[in-house]
Amino acid sequence: MRQSSLVVVANRLPIDDSVAPDGACEWRRSPGGLVSALHPLLRQTPATWVGWAGGTGPAPVLPDVDGVHMRTVPLSADDLRDHYEGFANATLWPLYHDAVEQPEYHRRWWEAYQRVNQRFAEATAEVADPGAVVWVQDYHLQLVPGLLRELRPDLRIGFFLHVPFPPPELFMQLPRRAELLRGMLGADLIGFQRAQAAHNFAQLATKVLGLPATDRRIGVQDRVVRIGAYPVSIDTAEMAALAARPDVTARARRLRHDLGDPERVILSLDRMDYTKGIEQRLKAYSELLASGDVKVRDTVLVQVAMPSRERVGQYQILRDRIEREVGRINGEFGRVGEPAIHYLSQPFDRAELAALYRVADVMAVTPLRDGMNLVAKEYVAARVDDTGALLLSEFAGAAAELDRAYLVNPHDLDGLKQGLLSALRAGPADAGDRMRAMRDHLHRHDIRAWARSYLSALDDTGSLLTRLSSSG
Ligand code: G6P
């Protein structure tokens with residue numbers, strides 16, 4: 001059994017699950033996903049990634065990808081339904097996103113969550129070197145730090161939550177709230193996207209478990225667990241280089257032409273998810289078309305909604321509603337050869353995404369709640385000529401850093417419309433100032449800076465960090 005000094009544990013492996021396990025693997029680069037975030041780091045550091053390969057049944061044996069060893073964890077059909085689709089995505093996901101959809105609580109789902117977390121912990125225990133650094137990711141695996149500490153007390157365990165951590169009033173709904181908190185507290189360091197999340201967690205540790213806690217430290221028996229905000233980022237330089245590539249620039253020109261060479265292109269690019277505020281955005285847009293503030297003749301909206309979690313009931317209902325609304329708006333406001341909304345529900349490769357970012361005069365990212373939103377950051381990184389305007393929800397984690405965006409409350413339709421019009425009408429000098437400031441920020445706070453700050457806090461021996469910096 002091959003062992004590593006750095007082990008990343010995440011629900012998904014970073015490979016495209018449509019690729020057969022015959023050696024022809026590629027990194028799965030779903031925009032906004034955590035794979036995009038960790039990819040550059042792991043390419044540089046000998047590591048193992050423990051995760052699910054997609055699908056059900058026995059775990060396939062996969063070849064290394066870019067030198068990273070893949071340790072697959074199998075899910076049965078029951079695990080898929082009750083762990084991934086159930087407890088992770090129909091209990092925790094809505095609960096952690098302000099309960100914008102009703103979280104569902106089923107005891108069978110909790111059993112599956114425990115069982116699958118145990119399986120991940122055991123696989124990790126097998127592949128971790130003595131004293132290795134283990135970095136557990138996201139809400140699917142909140143029990144892993146605690147389970148792993150029981151199996152391997154020698155490990156340095158980090159946990160990072162990519163999604164929001166809710167305020168106590170919401171978290172208290174959860175039937176197994178104490179166990180979940182205890183699971184996370186198995187880590188040495190718990191990272192969140194925003195300071196507010198760490199504050200919520202500390203309050204809950206005291207309220208539910210009676211532990212002494214500040215927003216930085218929690219006392220657990222004879223240990224101190226550190227907590228804090230480590231906002232995740234992107235590979236800014238890589239996105240800028242991709243966006244500047246001649247073929248991507250040519251593709252962007254071609255896309256603009258295919259869209260009818262409009263004066264203004266608005267782009268929205270989301271996973272099809274009820275947290276993303278797609279319906280509110282469509283409503284605002286259709287009101288702007290109805291009032292004549294925006295005209296189909298000179299402005300087009302490209303809405304990309306990538307299919308996601310398609311077997312979960314709430315996602316199916318959402319997709320139907322959105323597609324009906326897009327049809328209604330196009331029926332009412334489109335003209336022959338000139339739809340009001342260009343709607344695409346399909347995955348895109350990175351170069352095509354970069355071309356879309358280049359073509360978008362305005363990028364509308366207006367989630368109702370979002371841990372970070374890496375699409376907003378990617379757009380800024382791709383605007384290599386400092387043009388374009390970002391319309392951004394206050395409720396995306398990214399808003400704390402990208403404060404030169406046009407910030408809106410997506411629940412406030414009039415505010416949303418006003419924000420969109422301001423972004424559409426931004427003068428070049430003002431837009432340039434804003435974009436430059438945000439691009440500078442992202443060049444300083446990129447994915448490597450994120451990994452460095454998190455890992456230096458987790459690994460006080462500093463050995464991993466030395467390796468990271470020596471490899472650039
Ligand atoms: C969010 C989560 C990730 C997840 C991604 C895609 O970004 O924080 O953990 O991988 O959505 O969702 P999926 O259900 O397809 O993994």
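1. Which residue forms a salt bridge with Arg 311, and how far apart are the closest N and O atoms? The partner is Glu 85, and the closest N and O atoms of the pair are 2.7 Å apart. The coordinates behind this value come from a predicted model.

2. Confidence should be looked at before anything else is read from the coordinates. The protein has a mean pLDDT of 92, with 91% of its residues at 70 or more. Residues 27–33 have a pLDDT below 50, and in the model this stretch has 28 contacts beyond near neighbours in sequence. Where pLDDT is low, the predicted coordinates should not be read in detail.

3. On the division into domains: domain 1 covers 4–232 + 447–470, while domain 2 covers 236–444. Their centres, taken over C-alpha atoms, are separated by 29 Å. To the contact, domain 1 gives 27 residues and domain 2 gives 30 residues.

4. The area buried between domain 1 and domain 2 comes to about 2,300 Å². Carbon and sulfur atoms give 56% of that area. Two salt bridges are found by the rule across the interface of domain 1 and domain 2.

5. The structure as a whole holds 36 salt bridges. One of them joins Asp 235 and Arg 448, with 3.5 Å between the closest N and O atoms. Asp 235 sits in the loop between β8 (223–229) and α8 (236–244), and Arg 448 belongs to helix α16 (residues 447–458), so this salt bridge ties together parts that are 213 residues apart in sequence.

6. Next, the sheet. It is open, is formed by eight strands and has mixed pairing. The strand order is β3-β2-β1-β4-β5-β6-β8-β7. Strands β3 (69–72) and β7 (217–220) stand at the edges; each has a single partner strand, so one side of each is left without a neighbour in the sheet. On average, with direction ignored, neighbouring strands of this sheet are turned by 20° against each other.

7. One pairing within the sheet can be given in detail. Strand β4 (residues 128–137) pairs with strand β5 (residues 156–160) in the parallel sense, over five bridges. For Trp 135, the bridge partner in β5 is Gly 158. Strands of a sheet pair through backbone hydrogen bonds, either parallel or antiparallel.

8. A point to keep in mind when using the model: the pLDDT is below 50 over residues 27–33, so the 28 contacts of that stretch should not be read in detail.

Definitions and conventions: Residues numbered from 1 in each chain as written. Predicted model: local features only at pLDDT ≥ 70, side-chain atom pairs only at ≥ 80, totals over all residues. Heavy atoms only, no water. pLDDT = per-residue confidence, 0-100. Contact = heavy atoms within 4.5 Å. Pairing = 2+ DSSP bridges. Helix = DSSP H or I, 4+ residues; strand = E, 2+ residues; numbered from the N terminus. Axes fitted to C-alpha atoms, helices over the stretch in contact; angles between N-to-C directions. Domains from an automatic or database assignment. Buried area = accessible area lost by both parts, 1.4 Å probe. Salt bridge = Lys/Arg side-chain N within 4 Å of Asp/Glu carboxyl O.
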